[in-house]
Amino acid sequence: MKADPHPTLAARARFWLRRAVPTLLLCATVAHAASAPLDAEFAAGLKEEGLAGAVWSEVLPDGTVKVGASGLRDAAKKIPMQADTRMQVGSVGKVALALGVLRLVSEDRLTLDTPLQQVLPELALKNPWQASDPVRIRHLLAHTSGLDNVRFWQAFSLNPAPDTPLAEAFDGGRNLLRVRARPGSRYAYSNMGYGLLGMVIEKVTGQPYERYLDAQLLQPLGMVGSTFAFVTQVGAQLDPRLAMGHFEHGVAQPAVPQYLRPAAQFTTTAADMGKLAQFLMGDGKLQGKRFIDLALMGALSEPAGTDAAQAGLATGHGLALAVRDRHNVVGACHPGTAVGFRAMLCIYPEQDSAFFVAFNTDAEQADYERFNRLLLRDLELPLRAPAPQGTPAPTVENWQGVYVPSPSPMASMAWVDAVFGFTRLKWDGESLFLIPFQGEPKELEPVGGLLFRASDRSTPSHVLMQEDGKHVLSDGLRSYERASMLRMLVLWGSLALGVAGLLYVLLVGVWRAALRSLGRGDHLFAPLLSLLALLLPLPFFYFQSYLCLGDVTIASVLLALATGALPLATAFGLARCWRSRGTAAEAGSWAKWDWVALLAALQLLLVLAWWGLLPLRLWQL
């Protein structure tokens, strides 16, 4: 069932009552000093989390925008962060790019239901549902196109230049743009989708998307400190106001061009993001004139059309933002990660409030959520009481079992997601328990029918569905399908046997070598050498930038050769076992164990090859 292109009249009325914020808010006074306690708590938090610096802005109900800054703009040079320092916000820029697309829709130069291939017929799009459900512009905006998220080589490469044609991001083989779920049915985050939206803007406007958006979106919004163009901290595109990006321990990292730049290339300031937040909570008008249609503004954060939304789940992604239920406050947000940066934008239209925060450090172990809590507390947003428990459907127990991501976040990693990203669903008669293989278990309380609420949420957070005979679990932003237990046992058994076989080759082979009994004719000689060859790329990877992991380098070529040789060497050792069977010299028990170990190892290697993981060619993942 396709999504209704316009909200219902009741939805429009609710939207208007919530968001009738005067356009004059865009010109509201910006207070350049945040509260002293908030400054102090940010400073303490940055130090404890090992982050260099941060900037933030808060939109208050009276139209005031407060901005603040703390920490260092450049950790090595000890330059302090300023409130007007420019930051790179990664995927938060998708919100602004989405507005640019909606501007074209408002000007009748495009429609939400325009099929993608009508605009870009040259794309090698493989959509099994093309006849009934083509990929449309709305699907790209809402991440429901069914396209893959990103490929390794698209994200980690030093090959692109600032003006590399966007089409080169999709020159990766005929399966690159394969649609893996019926368009519109499931949310699946896709950086590729927003890369395609950049191409759509260029095709419709006849100019680079950066130039169009800077002039026709950012300038009218008064976001004079922001740009979609590439800027960095060094070199020809140097921006002296741009903060330096950092990783753990203050390691500096200048920005680099990227293939999918429409999905993550955006530089802005805290004050500008305050203006953007005000517009997002408004009625779509600028200076009394329609800029973006009201119906489109109403759909910015309202998930519609997906199977989860039709099943009654209100959480999910709209045309630009996702509903976020955290700390008993519900809003619409979008996170972002760039090279050396993290960011978050959240709006709360019912309270005419919003916040934006950006950090010039991307650290895996840091607790960024603590800063979101500080800003929510400072905004004094009312807390929402948890939804009361309800009577679950009598068929809930039928959904028990093991679930795997569907679709996988990255198609090339589908085997990894199936084997290590599974979760178990258990019903005890009162609550549903979500038990992931990696991560903390969650208790889901029934709120009526097949809707459930996680204990740390105030609104329904999960829904159980049945689609085409398959049992599905969704939280609006991720979907899982129940997998056959036989299939999972085969995958797990294959992994266990394969790892055991490879460990046998390594340990017994090294032991025989130490005893000087490992000759060239030994069954384990070639497999052991091949295993040890996996160490060859390590020093080259150590000395190269992680940003070129997806490029063809000495390290990646050696890795491909080593991983490609491993199954061949294992098969060669197994063939030696076969040829020497029955001989007196090979009649001992070790020969039998060699045979078993090599067979166990080879079956796993063949499985990995079948799933496209061997040989491991990072430039094709």
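# A disulfide, its strands and their surroundings

The torsion about the S-S bond of C333 and C346 is about 115°, so this disulfide is right-handed. A disulfide is here a pair of cysteine sulfur atoms within 2.5 Å, and the two sulfur atoms of C333 and C346 are 2.1 Å apart. In general terms, a disulfide is a covalent bond between the sulfur atoms of two cysteines. C333 belongs to strand β12 (residues 329-338) and C346 to strand β13 (residues 341-348), so the bond ties together parts that are 13 residues apart in sequence. A search of the whole structure finds one disulfide.

The model is predicted, so local features need pLDDT of at least 70 and side-chain atom pairs count only at pLDDT 80 or more, while totals for chains, interfaces and linings use all residues. Residues are numbered from 1 along each chain as its sequence is written, and side-chain values use heavy atoms, with hydrogens and water left out.

Some terms are needed before the strands can be followed. Helices (H or I, at least four residues) and strands (E, at least two) are DSSP runs, numbered from the N terminus. Two strands pair if DSSP finds at least two bridges between them. A residue is buried if its relative accessible area is under 20%, exposed if it is over 50%, and partly exposed in between, as computed with a 1.4 Å probe on protein chains only.

How are the two strands that carry the disulfide arranged? β12 and β13 pair in the antiparallel sense over seven bridges, and G336 has A343 of β13 as its bridge partner. The hairpin of β12 and β13 has two residues between the strands, and G340 takes a positive phi near 85° there. On its other pairing, β13 joins strand β14 (residues 353-359), again in the antiparallel sense and over seven bridges. In this pairing L345 stands opposite F356 of β14. Four residues lie between β13 and β14 in their hairpin, and D352 in the turn has a positive phi of about 50°.

Is β13 mostly covered or mostly open? It is mostly covered, as eight of its eight residues are buried. One side of β13 presents F341, A343, L345 and I347, the other presents R342, M344, C346 and Y348, and all of these residues are buried. Both cysteines of the disulfide, C333 and C346, are buried. Two further cysteines can be placed in this class: C548 counts as buried because its relative accessibility is 9%, and C577 is buried because its relative accessible area is 5%.

G312 offers a contrast in exposure. It is found in the loop between α12 (307-310) and β11 (322-326), and with a relative accessibility of 43% it counts as partly exposed. The C-alpha atoms of G312 and N175 are separated by 34 Å, and the two residues are 137 residues apart along the chain.

Hairpins also occur earlier in the chain. Strand β2 (residues 53-59) pairs with strand β3 (residues 65-74) in the antiparallel sense over seven bridges, and V55 stands opposite A69 of β3. Five residues separate β2 from β3 in their hairpin, where G63 in the turn has a positive phi of about 95°. β3 then pairs with strand β4 (residues 79-80) in the antiparallel sense over two bridges, with L72 opposite P80 of β4. That hairpin of β3 and β4 has four residues between the strands, and K78 in the turn has a positive phi of about 60°.

A further set of strands closes on itself. Eight strands form a closed barrel, in the order β15-β16-β17-β18-β19-β20-β21-β22, with antiparallel pairing. From one strand to the next, the twist averages 30°. Within this barrel, β21 (residues 470-474) and β22 (residues 479-482) pair in the antiparallel sense over three bridges, and V472 stands opposite E481 of β22.

Finally, two helices can be considered. Two packed helices are described by the angle between their axes and the distance between the axes. Axes are lines fitted to C-alpha atoms, for helices over the stretch in contact, and angles run from 0 to 180 degrees between N-to-C directions. The axes of helix α7 (residues 191-205) and helix α8 (residues 209-221) come within 9 Å and cross at roughly 80°. The two helices, α7 and α8, are therefore roughly perpendicular to each other, a term for angles of 65 to 115 degrees, whereas those under 35 are roughly parallel, those over 145 roughly antiparallel and the rest oblique. Contact, meaning heavy atoms within 4.5 Å, is made by G198, I201, E202 and T205 of α7 and by Y209, E210, Y212 and L213 of α8.
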